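Please open the model in a viewer and keep the sequence beside it. The tour below proceeds from one selection to the next.

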Amino acid sequence: VALGANAMRAGKNVLHYTFELSETNVGLRYDSNLCDMNSNEVQDNKEIVKARYQDHDLGRLIIKEFPTGSASVLTLRNHIEKLSMKGFVPGVIMVDYADVMRSTRSYDSMRHELKLIYEELRNMAMEMNVPIWTASQANRDSANSNIVGLENMSEAYGKAMVADVVISVSRKAVEKATGAARLFVAKNRAGKDGILFPIHIDTGRSKIEILDENQLTLGE
């Protein structure tokens, strides 16, 4: 949602696929981020939300829900084609998230199916010339790690090899209350990687903020 909302602020049309949350819940998170209010306040302040949208020149947003494990890349392709016939062309596609998609081919090993899903998503991104962002869970070893690297991607390391950019977000249990966390550029095919940023996560507004040195000092 944080990525999608910032793309909308940049005037990009966002297509957000959700396989676990409902379209309504995802929409509330976008309202929360874009209108800068807690998600539990959105329903009671609909007029304020509408007014704030009128004050901003944003890209369009379409949220589409599919049940967990039911959508393959072919499903997404068909949906995108229908949207294009209605005049909607996405500038960025959010997939939440690839690990719970259905593979177009069955394998004995889950890791092979996951790698295929990521390969098909990347192929679709290249054909459409549109960036696709998705998420992946880290493995158990990362729970107490300060930095989550490529080796911490669960199930299939091949997912990291397919991706052009891999960014990890890590925080320990004791940091959740303060919102403190770390963002690590684990892979960047077209630029620098191995870069670590201190960040603040506001789950109530679905926002991620990179902290500068002054904010970091105040936070400490």
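What is the order of the strands in the open sheet with parallel pairing? The order is β2-β1-β3-β4, an open sheet of four strands with parallel pairing. Here helices (H or I, at least four residues) and strands (E, at least two) are DSSP runs, numbered from the N terminus, and two strands pair if DSSP finds at least two bridges between them.

Before going further, note that this is a predicted model, in which local features need pLDDT of at least 70 and side-chain atom pairs count only at pLDDT 80 or more, while totals for chains, interfaces and linings use all residues. Residues are numbered from 1 along each chain as its sequence is written, and side-chain values use heavy atoms, with hydrogens and water left out.

**The parallel sheet**

Select β2 (61–65) and β4 (132–134), the edge strands, each of which pairs on one side only. From one strand to the next, the twist averages 15°; for such angles, axes are lines fitted to C-alpha atoms, for helices over the stretch in contact, and the angles run from 0 to 180 degrees between N-to-C directions.

Next, select strand β3 (residues 92–96), which pairs with β4 in the parallel sense over three bridges. Within this pairing, V95 stands opposite T134 in β4.

**Helices on the sheet**

Add helix α2 (residues 23–35), which lies across β1 (14–18), β2 and β3 and runs at about 150° to β2. Then add α5, which packs on the sheet and touches β1, β2 and β3; contact means heavy atoms within 4.5 Å. The direction of α5 makes about 145° with that of β1.

**Helix against helix**

Two packed helices are described by the angle between their axes and the distance between the axes.

Show helix α5 (residues 73–85) together with helix α6 (residues 110–128): their axes come within 10 Å and cross at roughly 25°. That angle makes α5 roughly parallel to α6, because angles under 35 degrees count as roughly parallel, over 145 as roughly antiparallel, 65 to 115 as roughly perpendicular and the rest as oblique. The crossing of α5 and α6 is right-handed; a crossing is left-handed if the near helix is turned anticlockwise from the far one by less than a right angle, and right-handed if clockwise. Which residues of α5 make the contact with α6? They are V73, L76, R77 and I80, and the α6 side includes I117, L121 and M124.

Now select helix α1 (residues 2–9) with α2, which pack at an angle of about 55° with their axes 10 Å apart. The two helices are therefore oblique to each other, and their crossing is right-handed. A2, G4, A5, M8 and R9 of α1 meet Y30, N33 and L34 of α2.

Keep α2 displayed and add helix α4 (residues 46–54): these helices pack at about 60°, again with axes 10 Å apart. Is the crossing of α2 and α4 left-handed or right-handed? α2 passes α4 in a left-handed crossing. The contact is made by Y30, D31, L34 and C35 of α2 with V49, R52 and Y53 of α4.

**Backbone details in two loops**

Most residues other than glycine have a negative phi, and most peptide bonds are trans.

Select D96 and Y97: the peptide bond from D96 to Y97 is cis, with omega near -5°. Y97 is found in the loop between β3 and α6.

Continue to N129, in the loop between α6 and β4. N129 has phi near 55°, a positive value in a residue other than glycine.

**The antiparallel sheet**

Select the open sheet of four strands whose order is β5-β6-β7-β8, with antiparallel pairing. Its edge strands are β5 (165–170) and β8, each pairing on one side only, and the twist averages 35° from one strand to the next.

Focus on strand β7 (residues 195–202) and strand β8 (residues 207–210), which pair in the antiparallel sense over four bridges. Which residues of β8 are the bridge partners of I199 and H200? I210 is the partner of I199, and E209 is that of H200. β7 and β8 form a hairpin with four residues between them, and S206 in the turn has a positive phi of about 55°.
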